[in-house]
Structures are given as structure tokens and as C-alpha cells.
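Q: Please give me a close look at one part of this model: the surroundings of the ligands. Add the backbone features and reference residues that help me read it.

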Amino acid sequence: MSYEKYADDDMVFVFDHPLIQHKISLLRDKNTDTKEFRELVSEIAMLMGYEVTRELPLQTVEIETPVGIAKAKVLSGKKLGIVPILRAGLGMVDGMLQLMPMIKVGHIGLYRDHETLEPVEYYCKLPEDATEREMVLLDPMLATGGSASAAISFLKQRGVKQIKLMCLIAAPEGIRRVRKDHDDVQIFCAQVDEGLNENAYIVPGLGDAGDRLYGTK
Ligand code: PRP
Ligand code: URA
């Protein structure tokens, strides 16, 4: 297992795999350029996705090999879905798709109003069978937790019952907010930082993930 419980909470997991830690450090560096930043976000998402999918159900089938019949395990039932929170969550999609090309992808568009810091929804499109799937929300940053909590509420309003949240860097405030609002949702993150600054940016964090992914600043 390459993650550990955060603050003894059974629903919050922090990844301690050396490759993930190394790549997060590169991601934090202000000198990391957009191309490398994008590649790193995707790679970390893939490495985390490997563990987040650890409990997917399997079934045994018979497969004919060139030599005989193997009783082999394959994934059973509906596969996962992923839902990136636009924009920055998009950076995590390719990594997850490399791992599981068959998963379905929904999208939730949210931005954090810079005055009120409250999330505003501007788009939502989910797979038709989202209610029968486990849906993993993707967002690199869990700061105040307002965006993630709102996104989880939107999924629940649309009938999704099994939800996980996967982020790269989390602030303790964001973890507390999501745990308080949605105590049924597991949170997976690569690192938990000190806290938030007066603009609700994660400290030390990595800056604005969307801007760094798409070169908008
Ligand atoms: C960032 C980030 C999260 C949100 C986290 O997105 O990707 O969605 O902020 O902050 P919170 O936990 O305080 O809600 P942002 O609103 O900057 O939009 P963007 O992805 O379009 O840049
Ligand atoms: N959103 C970001 O992109 N970075 C932060 O530190 C906080 C919110």
C-alpha cells in the first residue's frame, strides 16, 4: 500500500510513494515550465489512479491461452467514471485514461469567484450511466474545499452515490470542509500542506494550478 491515513481518519489518504513525492516537488518549483508541469500532473494522476482503483471488483473468467485454459481475473461490472473539475482537473484526465482507457469522463465546470471565494457552476455533463458507476472527482488543488464540496453536491443531486475525490495538494481546511459536508466521500491526495494564505491559496502549494497548466499567467 503506498498511502497512509491522514490524522487517523479512515476516509483520508495521503500518498507516500517516492515517485509521487518526487514529482510533486518538481511540480511545486516555480521554475517548472508549462510543458513539464502538464506532464507531471498527468504522471502523478496515473500513479495515484493505480492505488485509487485498488478495490475495483474482479470476477473470474476462463481464458484460452496457447497452452490451455486459465482461470483469470478481469474487472467486473461497470467500470469507473472520472469527473475533472474544470479547468485544472482536466490536467489529470490523460493520466487516468492511460491507466484505464475504457473509463467514462464527465465534466463539471466551476470557478472560484475571486471576490467571494465561493464556487460558481457553469457546466455539467455526466455519462448517462453515472449513477451506476463509482465516480472519481479530479482536481489538483483542495484549498478551502468549496469547489470540491460543491462538485460533490452536484454529483449527488444528479443521483451519483459512489464518489471519491482525488487531488494533488490539499490544505487541512479543505479536507475538513469536505469531511464535514460529505462524510461518505474518500479523499486521496499526494500531500497535505500547511494551510491557506489571505487569498485562500495553498501555502506553500504550487500557485494557481489552472494558470500553470495552461500558461494563462
Ligand atoms: C482552483 C482549483 C480548484 C479550486 C480550489 O480552480 O483547481 O478547483 O481552485 O479552491 P477551493 O478549494 O478554495 O474551492 P479555480 O477556481 O482557480 O479555477 P480554474 O481551474 O479554472 O483555474
Ligand atoms: N487554486 C489553485 O490553483 N491554487 C491554490 O493554491 C488554491 C486554489
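A: Start with the shell around ligand 1, which divides into six nonpolar, five polar and four charged residues. This is a predicted model, so every value here is computed from predicted coordinates. The shell of ligand 1 has 15 residues, and those that come nearest are Arg112, Asp139, Thr144, Gly145 and Ser147.

Three contacts of ligand 1 are worth checking on screen. An oxygen atom of ligand 1 lies 2.4 Å from an N or O atom in the side chain of Asp139. Backbone atoms take part too. A polar backbone atom of Ala143 is 2.9 Å from an oxygen of ligand 1. At Gly145, a backbone N or O atom lies 2.8 Å from a ligand 1 oxygen. On its own, ligand 1 would expose 500 Å², and the protein buries 92% of that area. Ligand 1 sits in the largest pocket. The elements that give two or more residues to its shell are β7 (107–112), β10 (141–142) and α4 (146–157).

Now turn to ligand 2. The largest pocket holds ligand 2 as well. The residues around ligand 2 are Arg112, Met141, Ala143, Ala200, Tyr201, Ile202, Gly207, Asp208 and Ala209. By class, this shell has six nonpolar residues, one polar and two charged.

Some residues serve both sites. Arg112 is among the residues that come nearest to ligand 1, and Arg112 is also listed around ligand 2. Ala143 has its backbone contact with ligand 1 and also belongs to the shell of ligand 2.

The listed polar contacts of ligand 2 go to backbone atoms. An oxygen of ligand 2 is 2.8 Å from a polar backbone atom of Ile202. A nitrogen of ligand 2 is 2.8 Å from a polar backbone atom of Gly207. At Ala209, a polar backbone atom lies 2.8 Å from an oxygen of ligand 2. Taken alone, ligand 2 exposes 240 Å², of which the protein buries 88%.

Next, follow the backbone on the ligand 2 side. Ala200, a member of the ligand 2 shell, lies in the loop between β13 and β14. Its phi is positive, about 65°, although Ala200 is not a glycine. Ala200 is buried, because its relative accessible area is 5% and the limit for that class is under 20%. Asn199 has its place in the loop between β13 (195–196) and β14 (202–203) too. Asn199 counts as partly exposed, because its relative accessibility is 46%. The C-alpha atoms of Asn199 and Val160 are 32 Å apart, with their positions 39 residues apart along the chain.

Further along comes a cis peptide bond, from Val203 to Pro204, with omega near -5°. Pro204 lies in the loop between β14 and α6 (209–214). There is another cis bond elsewhere. The peptide bond from Leu86 to Arg87 is cis, again with omega near -5°. Arg87 is found in the loop between β5 (81–86) and α3 (93–99).

Positive phi also occurs towards the start of the chain. Asp8 has phi near 60°, a positive value in a residue other than glycine. Asp8 lies in the loop between β1 (3–6) and β2. Asp8 is exposed, because its relative accessible area is 69% and exposed means over 50%.

Asp9 gives a contrast. Asp9 lies in strand β2 (residues 9–15). Asp9 is buried, because its relative accessible area of 19% falls under 20%. Its side chain makes a polar contact with the side chain of Arg179, at 2.7 Å.

Arg179 also gives a distance to helix α1. Ser25 has its place in helix α1 (residues 18–28). The C-alpha atoms of Ser25 and Arg179 are separated by 26 Å, and the two residues are 154 apart along the chain. Ser25 is partly exposed, because its relative accessibility is 44%.

To sum up the ligands: ligand 1 and ligand 2 sit in the largest pocket. The protein buries 92% of the area of ligand 1.

How values were computed. Residues numbered from 1 in each chain as written. Chains lettered and ligands numbered in written order. Predicted model: local features only at pLDDT ≥ 70, side-chain atom pairs only at ≥ 80, totals over all residues. Heavy atoms only, no water. Near = heavy atom within 4 Å. Polar contact = N/O pair within 3.5 Å; in protein donor to acceptor, adjacent residues only side chain to side chain. Areas by Shrake-Rupley, 256 points an atom, 1.4 Å probe, with all protein chains shown as cover. 1 Å grid on protein atoms, 1.4 Å probe; cavity = no way out; pocket = protein on both sides within 12 Å on 5 of 7 lines; lining within 4 Å. Sits in = over half its atoms within 2 Å of the grid points. Nonpolar A, V, L, I, M, F, W, Y, C, P; charged D, E, K, R; others polar. Helix = DSSP H or I, 4+ residues; strand = E, 2+ residues; numbered from the N terminus. Buried < 20%, exposed > 50% of the residue type's maximum accessible area, 1.4 Å probe, protein only.
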